[in-house]
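Subject: Structure handover

Dear colleague,

Here is the structure I said I would pass on. My notes on what was found follow below the entry.

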Amino acid sequence: MKINKLRYLSAAAGIATVVAGGVAIAPLASADMSTSTSAHVVDQRAKTFELVGKQTSIEDLDLGRAGISPGDQRVIHEDLYRDGEKVGDHSVVCTYTRVNPAALQCLGTFSLPEGQFAAQALLHLPAPSYVDVGITGGSGDYRNARGFVRTVPAGDTERHFTVHLKR
């Protein structure tokens, strides 16, 4: 039973570490639907940027019945990197809400020099090859944050993030 729990929680960790923050690199374009042509208008408040999360700690908490049960948690901390330089950190907690099939509620907070922002998702296992997680708010430069983060696992302890941020 412990091996199954670890397998499910490991998959959850890959999904859970889905949100990150950083400095904007490139604006996103959006279609202007008010004209008959497909002209594009650049939204100067929309930004996309890449980060890498490297896990520094992980803890599984068996809080209910022995083995995986609703309420069990996985707590993860990661360092965040941009261009090989550490720029911040990320913490996430995933809580099992259902066991078979598995569903987890994951909440993460990401801290960068510009401020912090949070995101959350209801995740279902088995995990897909990537997960989009909704940005739910923030502080500092991210105080009006909304958008999503796409996460892609890159091994057991590393994640690649593409942040689609509207401020």
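**Strand S4 and its histidine**

His90 is part of strand S4, which covers residues 85-98. This is a predicted model, and everything that follows should be read as computed from it. His90 has 0% relative accessibility and therefore counts as buried. Its side chain is in polar contact with the side chain of Glu78, at 2.7 Å.

**Overall make-up**

The chain contains 1 helix and 9 strands. Read from the N terminus, the order of elements is α-β-β-β-β-β-β-β-β-β. Of the 167 residues in the chain, 38% are buried. Among contacts with a separation of 6 or more, 48% are between residues 24 or more positions apart. The chain exposes about 8,700 Å², and 54% of that area comes from carbon and sulfur atoms.

**Strands S5, S6 and S7**

Strand S5 (residues 103-112) runs antiparallel to S6, and 10 bridges join the two. They form a hairpin with 2 residues between them. One of the pairings puts Ser111 opposite its bridge partner in S6, Gln116.

On its way to strand S7 (residues 131-138), the chain passes through another hairpin, with 6 residues linking S6 to S7. These two strands are also antiparallel, and 4 bridges join them. Phe117 has Gly138 in S7 as its bridge partner.

In a regular strand, side chains alternate between the two faces of the sheet. Strand S6 (residues 115-124) shows this alternation. Gly115, Phe117, Ala119, Ala121 and Leu123 point to one face and are buried. Gln116, Ala118, Gln120, Leu122 and His124 point to the other face and are not buried.

Gly108 sits in strand S5. With 5% relative accessibility, Gly108 falls under the 20% limit and so counts as buried. Leaving aside residues up to four places away in sequence, Gly108 touches His90, Ser91 and Val92 as well as Phe117, Ala118 and Ala119. The C-alpha atoms of Gly108 and Cys94 are 8.6 Å apart, with their positions 14 residues apart along the chain.

**Aromatic rings**

How many aromatic pairs does the structure hold? There are 3 aromatic pairs. Phe110 and Phe117 make up one of them, with 6.1 Å from centre to centre and 35° between the planes, and the pair is tilted. Phe110 and Phe117 are both buried. Phe110 and Phe117 also belong to one aromatic cluster together with Tyr142 and Phe161.

A charged side chain is found at another ring: Lys54 lies over the face of Tyr81, 5.0 Å from the ring centre.

**Strands S8 and S9**

Strand S8 (residues 146-153) pairs with strand S9 (residues 158-166) in the antiparallel sense, over 8 bridges. Val149 is placed opposite Val163 in S9. The hairpin formed by S8 and S9 has 4 residues between the strands, and in its turn Gly155 has a positive phi of about 110°.

**Backbone points to check by eye**

Most residues other than glycine have a negative phi, and most peptide bonds are trans. The following places depart from that.

- Asn100 and Pro101 are joined by a cis peptide bond, with omega about 0°. Pro101 is in the loop between S4 and S5.
- Leu125 to Pro126 is likewise a cis peptide bond, with omega near 5°. Pro126 belongs to the loop between S6 and S7.
- Asp83 is not a glycine, yet has a positive phi of about 55°. Asp83 is located in the loop between strand S3 (73-82) and S4.

Is Asp83 buried or exposed? At 80% relative accessibility, Asp83 is over the 50% limit and therefore counts as exposed.

Regards

Terms used
Residues numbered from 1 in each chain as written. Predicted model: local features only at pLDDT ≥ 70, side-chain atom pairs only at ≥ 80, totals over all residues. Heavy atoms only, no water. Phe/Tyr/Trp six-rings, centres within 6.5 Å; stacked < 30°, edge-to-face > 60°. Buried < 20%, exposed > 50% of the residue type's maximum accessible area, 1.4 Å probe, protein only. Lys NZ or Arg CZ within 6 Å of the ring centre and 35° of its normal. Polar contact = N/O pair within 3.5 Å; in protein donor to acceptor, adjacent residues only side chain to side chain. Pairing = 2+ DSSP bridges. Contact = heavy atoms within 4.5 Å. Areas by Shrake-Rupley, 256 points an atom, 1.4 Å probe, with all protein chains shown as cover.
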